[in-house]
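Let's take a walk through this protein together. Open the sequence and the model side by side, and keep both in view as you read.

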Amino acid sequence: MEWPTPELAVAFMYLGVVPAITNIILLWEERFKPGVIWFIVAMGIGGAWAMIFATFTLISHTGVTLALGNFFWALIPAASVSMFLAAYEYVFKKIVSWQTIAILYAPVLGLFVLSWFNPRNLVFTEAYTVDPNGYLSFPKFGGPIKIAVTKVYGYVLVFLGAGMFVGEVMRSKGTHRRQTLYVLAFLSVLVLATLVKVTRQVPIYFDPTPVVFSLSGLAFAISIHQGGLLKLGPIAREQTFEDVSEAIFVVDPKGLIIDANTIAIGIFGSETIGRSIDAVLAPHEAETEDEERPTVRIQREDRARIFAKQTSGIEYGRGLEGELVVLNEITALKERKEELDLFKQILTRVLRHNIRNDLNVIAGYAKFIQDKSADEEISNWADQIGEKAEKVVAHAEKVRQIERVITSGKTVKRSLAAEVQAVRKRLQVEPATSLTIDVADVRVTVHPEFQLAIRELIDNAISHHTGPGDPKVSLTTELEETDVTLIVEDNGPGLPEEEIDVLEAKEETDLEHSSGIGLWLVQWIVSRSGGELLVEQDEQGTRIGIRLAIADRRA
């Protein structure tokens, strides 16, 4: 007696419909992921395959059996097309066009239509019959069209899909590789079940393929739904690991490199995996100077590549700690910095020595001409030349001060009142100038050159005073919970609108630029003190505030 019996075979095949439906329900929310919609279609085809085969085995009516057989033979290559489409979208992450779908399903549709007419036995041969028990009896091959579509076309698509998955396994790593192996195992089970049926290892009335198809598909669907299979997050992480422009090493607790991305392998070679991270990087580590992170210098022919090295810990398992070492290329940034440093040195030398010395000579000659000339007009011109020369010399001195400011990013904690009084002692103020100071004694966090900012604001208020009355400048403070604002207020004409616009925009253009560099000096000092520069003005004068963080209150 053959096993399974016809009754058990029919029961098995009908039960194979249940996991197929379960698959569709589980995967429906995931249908937008690459390939999942075609896996859903394949599961639907598998369920229909099992139900139709069980039905025409159960029913002994010849006409009904043959009619259902026409649907059955179309479902076999349709399942192959669906699995091929699932493999293509999964591997290439591209949505298949409707034109391609129509072309791939066209042979299936042609087989289905011709099955009803069977012209010249192109689909079925005379051996295709219903036996006395009501079971569909069919030869291994059949007519040429049936062979071409169900055997050749169907198997070609299945093996092409399997080939795409094999290639993806070889290319991918980690989570994505495990996902692909899952899919490949599912496809392999389907092919093996089909071979069992084709080689007649089971009775003619039983087809295990749709049952195995649905059951293995159910395991696959549960993995997708619950286990993270095909989820975007792990794939995105691994793709980012490979696609970023930085070289990345994964280092185990023993200091050995266990993984590296494509960039790292391209720089150091594939043999780096398994070696010590120190052995790989130590020969290339360079002097760091004042940089926050160590650097690695790789010499390639006539060009050196420089990388900033960053290390972060990885915790996993039971108290194990590895490392993630990232090398970020800063070659262009380093070259740019060196060019700017050279430009700064040249500019400073020219301003501090050449131009300054030449202008002092010009100012001296202008003074000589003014003293010696009997012509009042020439004397006035000489006086203007001297004033302009001295003004440019003052600008050069401020450039030198700016250099000191921007080359130091350090801050110190000082008494605000003491800083203001120190400036007041060194100021030479005309007797007619009113300078009042009422500043709270609080410690603030400031740049070491903060006194320059205070002096510049006071000088600016006095030197630019015009109009009736003598210059009046006051320095006061406004205290808040965590901040203090030093306010320098005068009775002058106010800053020009373009000066305020340039300070607010923090840039100069051909159309908008400041008349000097004193306010830029103030802006840079305040910025490096972690503060904020505030400007207000009205008919009574200008009010400039420097808001600073309080380090400690004294009074």
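We'll start with the whole chain and then stop at a few places along it.

One thing to know up front is that this is a predicted model. The protein's secondary structure adds up to 17 helices and 15 strands. Of its 555 residues, 42% are buried. Now look at who touches whom: if you take contacts between residues at least 6 apart in sequence, 61% of them join residues at least 24 apart.

For a first stop, find N261. You'll see it in the loop between β4 (257–260) and α10 (262–268). Is N261 buried or exposed? Its relative accessibility is 0%, so it counts as buried. What does the side chain do in there? It reaches the backbone nitrogen of I248 at 3.0 Å, and it also reaches the backbone nitrogen of A264, at 3.1 Å. Setting aside residues up to four places away in sequence, N261 touches F241, E242, V244, E246, A247 and I248. So I248 turns up both in that list of touching residues and as a backbone partner of the N261 side chain.

Next, move along to H284, in the loop between α11 (277–281) and β5 (285–286). H284 counts as partly exposed, because its relative accessibility is 25% and the buried class stops under 20%. Leaving out neighbours within four places in sequence, H284 is in contact with F268, T295, V296, R297 and I298. You can also look across to I306: it is 22 residues from H284 along the chain, and the two C-alpha atoms are 9.5 Å apart.

Further on comes a pair of strands. Strand β9 (residues 412–415) pairs with β11 in the antiparallel sense, over 4 bridges. To line them up by eye, find V412, which stands opposite V446 in β11. Strand β11 itself, residues 442–446, has two faces. V442, V444 and V446 make up the covered one, while R443 and T445 sit on the uncovered one.

Our last stop is a pair of helices, α15 (residues 450–463) and α17 (residues 518–528). Their axes come within 9 Å and cross at roughly 145°, and the crossing is left-handed. Which residues make the contact? From α15 they are F450, L452, A453, E456 and L457, and from α17 they are G518, L519, V522 and I525. Sorted by class, this contact of α15 with α17 has 7 nonpolar, 1 polar and 1 charged residues.

Technical notes:
Residues numbered from 1 in each chain as written. Predicted model: local features only at pLDDT ≥ 70, side-chain atom pairs only at ≥ 80, totals over all residues. Heavy atoms only, no water. Buried < 20%, exposed > 50% of the residue type's maximum accessible area, 1.4 Å probe, protein only. Pairing = 2+ DSSP bridges. Polar contact = N/O pair within 3.5 Å; in protein donor to acceptor, adjacent residues only side chain to side chain. Contact = heavy atoms within 4.5 Å. Axes fitted to C-alpha atoms, helices over the stretch in contact; angles between N-to-C directions. Left-handed = near helix turned anticlockwise from the far one by under 90°. Nonpolar A, V, L, I, M, F, W, Y, C, P; charged D, E, K, R; others polar.
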